Amino acid sequence: MSQFLSSPIMHNIFAGLAQGVIYSLVALSLVIIWQSTHVLNFAQGAMAMFASYVGMTEIDRGLNYWLCLVLSIFVGLLFGGFTERVLIRPLYGKPEINAIVVTVGFLGVLEAVAQAVWTSTTRNIATPLSQIYFHNQGRLVLLSPFVIFQFALAIVIMLFVAGLFRFTDLGLQLRASALAPEVARLLGVRVNRMLTIGWMLSAAVGTVAATIVASGSFGLYPSDMDGILIAGFIAAVVGGLESPVGAVIGGLLIGLAEQFILSYWSADLAPLGGIILLVVVLMLRPQGLFTKSVSRRV
Amino acid sequence: MKRLALFANQGATSSRLVGVLLLTLLTLAITFVLPPVADSQLASGAAISIVVLGLSWLIGWSGQISLGNSGFMAVGAYATGIWAHHHASSPIIFTFVLAMAVGAFSGLIIAIPSTRLRGPYLAGMTLAFSAAIAPLAQNYTSITGGEGGLFFNTLTTPHWFLNLFSGQNATIDANAQWTADLAVVVAGVTFFFMANLFHSHTGRAMRLVRDNDVAAELVGVNLPRTRTLAFVVAAAFAGLGGSLYALINATVTPSTFPLTLSITLLTLMVLGGIGTLSGAVIGGIIYAFSSNLVGHINSLTGINPTSNLGANMQGIIFGILLILTMLFTPRGIAGLGPRFGRLVANRRRVAPLATGE
């Protein structure tokens, strides 16, 4: 058993999944707002980066790591609501390109402001959890207390989102507003408020991913979510953009694909893992792996 | 009837030729007045305006969104660098044709999976493509020079042009201006080509595909082919622009064409005006002289240009402008003229509502 956990293939699987859950969270956050507002938010990564800067840098002032984490997520919630109200609401009913352009512009503003305020140097956030890998009977296992926490946090967030949508009254209203806004409005659902809540939820989920990235070995810097957003986007498309489960699985697949390319081919080419997966999926199943085939309305 | 239409078309073509020619000549004249630094900026602006025009065609006329045009620029630039490395003495026109062809080919490769996608899917796919260029360039070091990139110096100013200049910095002045003039002439040719493409059969089919693809298919437009063609033309323009950009800077590295360049291209296109020639010209001018403008704003507001805030002012201003333009005047600066015209006309009669505003 110990030999199995330390085998090269398990090294790759652990490392791939650790990266993959980050992509899964970002993909999940993209799917939440895509379902409700049909906007693909290109600023999702930058918003999460910004919220994690606001929260995590409080550690410099002696705030506890866990409080910083909670603060970041709270800032993410506020930020998501603000974005929907101010930037996205005027665009409903306009051509798709308008929302894309606005969110791309927002991405540019956030990264520039973050560089102006916090500089572009990488910050390492000290975590109370050890990032040193375990040893099992003298053999290395690519898991550390931090990686296990990372998995646990991601699973808790995913279960929370799934539970919220499936079992609560709020979740029912959110789903109704996404599926049939007019009918929902007639039945007394405050659709506009639901859209804002959807964006808040999504931004908070994205922020969780950003705090994991910030606490990990790469640290916190203004463009740290760029590549992750692209991978998360690919994960969401691979999963079909409508399916939260598909997004999560897509994220894990990309994490694994990148890790295996890194080990067996070339470290430079690892970012291509997602793109290769995307092209293959688009060729075979353009509607995504986990959607029921729905024709586009004319 | 047919003959009449043909004549009408010829008249329009010659008027477009005159328009583009006048603008090109005017810009060439301006390069004689501008200092060498401004000439270099103008050269970059002309190169970027070609890319913006291609993007404007893709987004404004075919309704497909690309965030990957910086990737096509990189492809054109690397093709230029690799070609210049081995064939430094070949005429410059070959380099341009090669860059366009390689750009068009990469556009075709991307278009085949991408034209099945729409809107945000397509934007994300092209974004992923442009993000893939840097890893590829870093990996295949023997071809691309890896992290350090390629250096080449192929823009040689002809003797007759050098002889026009005298004084202490004659060579530097002549080189800067020759580069600017070359870029302006290349831009002029591409603008003329695009002006005709806008009003061709293909251009009209493209607009129909954008507005109503079902109707387009019913009247016999081949949708996948039309969408792919739009992509290929935009990619060829980006390849040419990237080639010029690389020649002007005499280098190409993996970090020459970052993600932020795609955002800048989109900003310039939206600011100038989507789907218009004048919009691309305005976008190029803004790109060329944005650093002067930002410097001016910094000095007006008293921000230290070497501080963190001062160094990032351009990104902040561009992003805010992009958002404000899209929210309030989605037709950009080029759309302000007709809008003003309509305001005046409104006093007499009710003007038809414009779409998208």
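**Exercise 1. Polar pairing across the interface**

Determine how many residue pairs are in polar contact across the interface of chain A and chain B in this predicted model.

*Solution.*
Step 1. A polar contact requires a pair of N or O atoms within 3.5 Å. With both residues at pLDDT 80 or more, the rule finds 0 such residue pairs between chain A and chain B.
Step 2. Turn next to the elements on one side. In chain A, α5 (96–118), α10 (226–239) and α12 (272–284) each supply at least two residues of the side that touches chain B. The largest share, 16 residues, comes from α5(A).
Step 3. Classify the residues on this side of chain A: 33 are nonpolar, 7 polar and 4 charged.
Step 4. Apply the salt-bridge rule to the interface of chain A and chain B; 0 salt bridges are found.

**Exercise 2. Extent of the interface**

State how many residues of each chain are in contact, and what area chain A and chain B bury between them.

*Solution.*
Step 1. Count residues with heavy atoms within 4.5 Å of the other chain: 44 residues of chain A are in contact with 42 residues of chain B.
Step 2. The two chains bury about 3700 Å² between them, and 79% of that area lies on carbon and sulfur atoms.

**Exercise 3. Helix α11 of chain B**

Check the span of helix α11 of chain B against the expected value, and describe the burial and the two ends of this helix.

*Solution.*
Step 1. The helix comprises the 27 residues 223–249. The expected span is 1.5 Å times one less than the number of residues, so α11(B) should span 39 Å; its end C-alpha atoms are 39 Å apart, in agreement.
Step 2. Burial means under 20% relative accessible area. By this criterion 23 of the 27 residues of α11(B) are buried, and the helix is mostly covered. For chain B as a whole, buried residues make up 52% of its 357 residues.
Step 3. At the start of α11(B), a side-chain oxygen of B:Asn222 comes to within 3.4 Å of the backbone nitrogen of B:Arg225. Just after the helix, B:Ala250 has a positive phi of about 60°.

**Exercise 4. Helix α11 of chain A**

Carry out the span check for α11 of chain A, and identify which helices its buried residues pack against.

*Solution.*
Step 1. Residues 244–264 form this helix of 21 residues; the expected span is 30 Å, and the end C-alpha atoms are 30 Å apart, which agrees.
Step 2. Its buried residues include A:Gly246, A:Gly250, A:Ile254, A:Glu258 and A:Ile261.
Step 3. The spacing can be read against helix geometry: an α-helix has 3.6 residues a turn, so residues three or four places apart point the same way.
Step 4. The buried residues of α11(A) pack against α2 (8–37), α6 (145–167), α10 and α12 of chain A.

How values were computed
Residues numbered from 1 in each chain as written. Chains lettered and ligands numbered in written order. Predicted model: local features only at pLDDT ≥ 70, side-chain atom pairs only at ≥ 80, totals over all residues. Heavy atoms only, no water. Helix = DSSP H or I, 4+ residues; strand = E, 2+ residues; numbered from the N terminus. Buried < 20%, exposed > 50% of the residue type's maximum accessible area, 1.4 Å probe, protein only. Polar contact = N/O pair within 3.5 Å; in protein donor to acceptor, adjacent residues only side chain to side chain. Buried area = accessible area lost by both parts, 1.4 Å probe. Salt bridge = Lys/Arg side-chain N within 4 Å of Asp/Glu carboxyl O. Nonpolar A, V, L, I, M, F, W, Y, C, P; charged D, E, K, R; others polar.
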